[in-house]
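Biologist: I'd like a close look at a single part of this model, followed by how that part fits into the rest of the chain. Could you take me through it in one go?

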Amino acid sequence: PPPLPLEEHFIRRMRETYRVRARRIAAVRTPGEAERYQRRVRKALAAAFGRLPPRTPLNPRTWRVTEAAGYRIEHVTFESRPRFLVTANLYLPADAAAPVPGVLFPCGHSAVGKAYPLYADACVRLVREGYAVLIYDPVNQGERDLYSHVDTGGRLSRRNPCDGHNVIGRQLHACGDWLGAWRLWDGLRAADYLAGRPEVDAARLAVTGQSGGGTLSAYLWSMEPRFRAVASSCWCTSYLNDIENGMPADEEQYPPGFLAAGLDKIDFFLVRAGEPTLLLGQEQDFFDDRGLRSGYDELRRLHGVFGGGADTCRLLLDTGTHAYSEASQLAMLAFFNRVFGKSAPAPLRPLPPPEERALQATPDGDVGHAGSRPMPELVAARARVIAARRRPLPPPALAAAIRRALGVPGTIAVPHHRRLFGINESRAATGQQVHRFLIETEP
């Protein structure tokens with residue numbers, strides 16, 4: 001459909017926001033100026049993610065182990081919150097003589113989560129290169145169906161993960177929370193589990209992901225200093241490109257207040273400019289490669305301001321569509337190997353796509369049947385706590401509270417309006433006089 005007036009209004013506002021941002025970035029010339037800019041980003045990140053939960057026992061469980069040529073897969077669960085299970089596969093080299101580097105792999109928006117063939121391929125490539133890899137299911141994907149305990153006619157099931165994300169995301173907004181923070185927390189607790197394994201060198205951790213996993217890679221990189229390298233695929237462009245191109249995104253992909261702070265997607269990486277970063281993209285992706293290129297230019301310049309070398313700030317643009325392609329995977333392997341002092345990756349034969357059941361952790365592929373509390377119940381409990389704290393407000397105080405929440409000015413003048421010729425009408429049947437006019441609330 002053609003652009004709509006409300007969309008065009010926000011596009012105009014975002015263009016001006018990013019004109020100001022471009023001037024602010026261009027003014028950064030010294031490490032001190034760059035550090036001040038990073039403090040600005042960190043402040044916005046803290047506001048967007050809000051207060052995170054306390055770290056509670058992970059209560060990990062290995063349900064079974066699959067042996068393969070040169071590696072094994074442990075099918076595990078852990079609790080990111082009390083009785084809130086995360087399903088994961090831990091890929092471990094079979095012959096590692098000492099703790100090895102660890103890679104966390106958050107998934108994109110595939111219904112089968114960690115069993116998506118390209119993601120499983122990437123994990124096998126990494127483990128055959130001597131990495132321990134933890135890949136885990138996001139909520140409403142893989143074994144973590146949000147709504148398996150109720151009948152939604154399949155509309156909100158993991159088979160349509162985005163619908164489930166958006167519904168629970170709106171409920172979280174009503175509680176002053178954000179689904180992106182829940183997803184970040186799952187990833188942080190996954191990093192805790194990975195770093196705590198005796199086979200893993202906790203001083204050598206990296207994170208990589210594709211699409212929605214590219215989003216989570218950026219979030220985790222910006223918020224978790226234990227990661228020493230990041231490779232984010234098929235997500236980083238500009239929010240302005242997204243809205244100009246009519247590109248929809250899930251609830252968790254728009255951090256509250258981030259646009260108001262004048263920030264863009266590349267800022268998740270600028271906040272750690274100077275540290276090893278690989279951005280991956282596809283020329284035919286629906287995430288506009290122009291935004292990826294311009295963002296990378298900003299990152300490379302600030303990387304240089306901090307004295308970072310060219311080999312630790314890289315961009316690879318493949319020629320295909322939205323995917324963690326073979327070229328992208330090999331670039332990720334080569335990049336991590338350079339960062340962690342390993343040799344160049346060996347060429348690997350293509351792998352047959354795994355069956356979803358072969359990579360499941362829980363017996364029947366549903367954490368609800370394995371004792372996990374449904375997320376809607378957790379959100380409902382939070383809502384009840386918030387509701388109990390509410391106190392009735394008299395009408396004037398309620399009006400003032402609504403004005404504050406919506407940012408409505410204290411005084412509102414009569415808006416400019418047009419009274420067009422020939423629009424007054426008398427209706428004899430009802431005795432009404434009808435007067436029609438147009439009101440302009442925005443340019």
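Does Met247 count as buried or exposed, and what relative accessibility does the answer rest on?

Modeller: Happy to. Met247 counts as buried because its relative accessibility is 17%, and buried means under 20% relative accessible area, with exposed being over 50%, partly exposed in between, a 1.4 Å probe and protein chains only as the setting.

A word on the ground rules, since this is a predicted model: local features need pLDDT of at least 70, side-chain atom pairs count only at pLDDT 80 or more, and totals for chains, interfaces and linings use all residues. Residues are numbered from 1 along each chain as its sequence is written, and side-chain values use heavy atoms, with hydrogens and water left out.

Now to the surroundings of Met247. It sits in the loop that runs between H7 and H8; here helices (H or I, at least four residues) and strands (E, at least two) are DSSP runs, numbered from the N terminus. Setting aside residues up to four places away in sequence, Met247 touches Asp242, Tyr254, Phe286 and Phe287, where contact means heavy atoms within 4.5 Å. Phe286 is 39 residues from Met247 in sequence, while their C-alpha atoms are 7.5 Å apart in space.

That loop holds another residue to look at, Gln253, placed between helix H7 (239–244) and helix H8 (267–270). Gln253 counts as buried because its relative accessibility is 8%. Beyond its neighbours within four places in sequence, Gln253 is in contact with His109, Gly212, Thr215, Tyr219, Trp235 and Tyr239.

Moving on to H8, Phe268 is in contact with Tyr219, Trp235 and Tyr239, among others. The partners of Phe268, neighbours within four places in sequence aside, also include Leu45, Phe49, Ala218, Trp221, Ser222, Pro255 and Phe258. Phe268 is one of four residues, with Leu104, Leu134 and Phe269, that touch the most other members of the 64-residue largest nonpolar core. Helix H5 (residues 179–196) gives this core its largest share, nine residues. By nonpolar core I mean a set of buried Ala, Val, Leu, Ile, Met, Phe, Trp, Tyr and Cys residues joined through side-chain atoms within 4.5 Å. A second core, separate from that one, has 30 residues, including Val103, Tyr324, Phe335 and Phe340.

Just before H7 comes a backbone detail. Cys234 lies in the loop between strand E7 (227–233) and H7, and it has a positive phi of about 55° although it is not a glycine. With a relative accessible area of 1%, Cys234 is buried. Asn140 is likewise a non-glycine residue with a positive phi, about 65°. Asn140 belongs to the loop between strand E5 (132–136) and helix H4 (161–174), and at 0% relative accessibility it counts as buried.

For a view from helix H5, take Trp182, which is found there. Its relative accessible area is 6%, so Trp182 is buried. Leaving out neighbours within four places in sequence, Trp182 is in contact with Arg81, Phe84, Leu172, Asp177, Met375 and Leu378. Ser238 is 56 residues from Trp182 along the chain, and 23 Å separates their C-alpha atoms.

Next, a residue in strand E13 (residues 438–439): Leu438. Leu438 is partly exposed, with a relative accessible area of 43%. It touches His416, His417, Arg418 and Leu420, not counting residues up to four places away in sequence. Arg144 lies 294 residues from Leu438 in sequence and 50 Å from it in space, C-alpha to C-alpha.

Finally, the whole chain. It has twelve helices and 13 strands, and 48% of its 443 residues count as buried. Its C-alpha trace spans about 90 × 55 × 40 Å along the principal axes. The radius of gyration is 25 Å, which agrees with the value near 22 Å for a compact globule of 443 residues; that radius is taken over C-alpha atoms, and the globule rule is 2.2 Å times the number of residues to the power 0.38. Among contacts with a separation of 6 or more, 71% come from residues 24 or more positions apart.
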